[in-house]
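Student: Hey, can you help me find my way around this protein?
Tutor: Sure, pull it up and ask away.

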Amino acid sequence: MQNKENTLIFSGALPTKVMNDLLPLVDFQKEGISTDKLKKIIEEKLLPHLMKYNNPGFLSMFNDFPEDGAKLGAELALEYNQGVTDWNVSPGGAMLEELCIKALCSLFRLDKNSDGTFMYSGTYANQQALYLALHWKAGQEGFDFAKQGLKGFENPERLAVLTSIDAHFSLKHAVRMLGLGDNNLLTIDVDEKRRINIIQMKKEIPKLQENHDIFCVTATTGTTSTGAIDNVVELSKICKEIGAWLHVDGAYGLAYSLVPEFKDRFAGIELADSVSWDPHKQFGIPIPNSILFAKRKDDFNRMALRSDYIYREGENVPSPGLKSPPSTRPFSALPLVTSIRYQGIIKIQERLKSPIKAIETVYKLLTKDSAIELCNEPETGILCFRVKHNQISENQMNQFLKIIYEKVISEGKHSISYTKLGEKVVLRLVAIKPTNAETLMKTIEYVKEKARIIASEGIPK
Ligand SMILES: Cc1ncc(COP(=O)(O)O)c(C=O)c1O
């Protein structure tokens with residue numbers, strides 16, 4: 001049931017049509033049907049409505065079809081359905097995960113004492129990072145967070161996480177789920193490159209500290225909206241001064257630090273107390289596949305919960321499941337290992353470099369285009385822009401851009417996304433798979449053409 005190269009990215013159908021097409025699939029009947037029949041229904045009713053991430057015009061999100069080497073590992077993981085909890089459940093799986101994590105720590109040049117664990121998603125990796133930070137803070141205050149929880153802190157209501165306004169919303173989930181609440185996620189504005197504004201941060205911290213104990217600062221190396229990379233070295237110095245844990249959210253961006261040419265943009269990663277990374281984004285590893293690294297192996301000990309049937313006290317065997325809550329864990333290491341071994345580092349670096357170079361070229365080309373307002377200077381593979389038209393006033397721009405977006409998506413030939421930077425709606429072009437400027441420009445030209453048509457028809461009041 002392979003997607004054909006020239007098919008639409010997506011049917012463009014509205015939710016009612018998609019629902020009506022899919023209802024027969026969930027008509028759970030007493031008798032089963034043959035796999036051939038099932039395949040036919042899925043081919044006709046479901047596949048048209050799935051996103052074809054491998055289409056060159058899919059330029060809206062961080063998703064891709066699996067890379068060939070990753071597919072091999074994923075198929076084996078599926079066939080053997082290993083629960084990579086510990087040695088007793090999957091000896092080879094547990095050992096491979098531990099070896100893979102060690103090798104990745106060295107590939108990303110993290111501290112030699114660092115360790116990591118596979119997670120379900122970047123969201124959970126960020127959440128666990130904040131949880132480890134709370135443990136660490138409690139340790140500094142002389143109590144065991146596992147035993148006393150937030151109540152152990154003298155003033156738990158003062159505990160706060162500091163980040164930039166462009167940080168991913170998963171941090172909001174994290175502070176909510178950890179019982180800290182939205183009011184204790186403090187944000188600093190961004191600079192002209194949409195990196196956390198270090199100067200402003202230094203000015204604001206003393207004021208924030210009047211009402212808060214900042215126990216954790218999070219940097220983003222590759223923000224979701226614009227791909228901006230926060231200055232980790234400076235943030236690490238600030239964290240030392242104020243006694244805070246530094247978490248780096250590299251869910252999207254960390255992969256690019258593997259490319260020698262881009263390495264400097266990620267300076268200081270090894271200084272972070274924890275780092276998250278999503279191989280299920282541009283690395284082409286099947287979803288779900290995320291990792292949380294911690295600088296000190298011992299920090300993961302705080303996650304360890306022993307039991308009488310697995311993770312037994314005193315059993316000195318590989319137990320990756322001691323480093324994160326789920327006990328049944330997918331064999332996430334296998335597709336990552338097979339993907340890296342199949343391609344080799346050089347090919348991976350080329351794959352990662354290609355879309356960024358293409359975006360940089362497109363950015364340069366568009367600086368000369370009076371119909372385009374560029375909204376960020378790309379540091380990774382994301383370009384935000386607005387299409388201008390002399391019949392559209394500034395007041396109408398947000399609505400104009402949303403209509404353009406809806407039109408483009410509904411036709412299913414190209415896929416872009418939109419987001420807001422401050423009060424401005426901006427269109428967002430995301431390049432994560434190997435491509436070139438010519439291909440990206442086809443989408444830009446298509447978007448411009450739609451904009452011309454919409455402007456000439458006039459937008460609703
Ligand atoms: C910077 C950043 N952090 C975290 C996340 C959340 O990752 P996940 O979607 O794997 O939960 C994303 C998702 O796009 C992201 O861009």
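Tutor: We'll go through the domains, the core and the ligand, and keep in mind that this model is predicted.

Student: OK, which domains is the protein divided into?
Tutor: There's domain 1, residues 70–343, and domain 2, residues 345–457.

Student: How many Å separate their centres?
Tutor: Going by C-alpha atoms, 31 Å lie between the centres of domain 1 and domain 2. The contact uses 19 residues of domain 1 and 17 of domain 2.

Student: What classes of residue are on the domain 1 side?
Tutor: Where domain 1 touches domain 2, you get seven nonpolar, seven polar and five charged residues.

Student: Now the largest nonpolar core. Which residues touch the most other members?
Tutor: Ala133, Val217, Leu246, Ile404 and Leu427, out of 108 residues in that core. Helix α5, residues 122–140, gives the largest share, with nine residues.

Student: And why does this core lie between the domains?
Tutor: Because domain 1 and domain 2 both give residues to it.

Student: You mentioned Val217. What does Val217 touch?
Tutor: Leaving out residues up to four places away in sequence, Val217 touches Leu162, Thr163, Leu235, Ile238, Cys239, Ala244 and Leu246.

Student: Switching topic: which residues come nearest to the ligand?
Tutor: Of the 15 around the ligand, those are Ser121, Gly122, Thr123, His168 and Ala251.

Student: Which element gives the largest share of that shell?
Tutor: α5 again, with three residues. By class, the shell around the ligand has 10 polar, three nonpolar and two charged residues.

Note on methods: Residues are numbered from 1 along each chain as its sequence is written. This is a predicted model: local features need pLDDT of at least 70, side-chain atom pairs count only at pLDDT 80 or more; totals for chains, interfaces and linings use all residues. A nonpolar core is a set of buried Ala, Val, Leu, Ile, Met, Phe, Trp, Tyr and Cys residues joined through C-beta atoms within 7 Å. A residue is buried if 20 or more other C-beta atoms lie within 10 Å of its own, exposed if 12 or fewer, and partly exposed in between; C-beta atoms are placed from the backbone. Helices (H or I, at least four residues) and strands (E, at least two) are DSSP runs, numbered from the N terminus. Domain bounds come from an automatic or database domain assignment. Two residues are in contact if their C-beta atoms, placed from the backbone, lie within 7 Å. Ala, Val, Leu, Ile, Met, Phe, Trp, Tyr, Cys and Pro count as nonpolar, Asp, Glu, Lys and Arg as charged, and the others, Gly among them, as polar. A residue is near a molecule or strand if its C-beta atom, placed from the backbone, lies within 6 Å of it.
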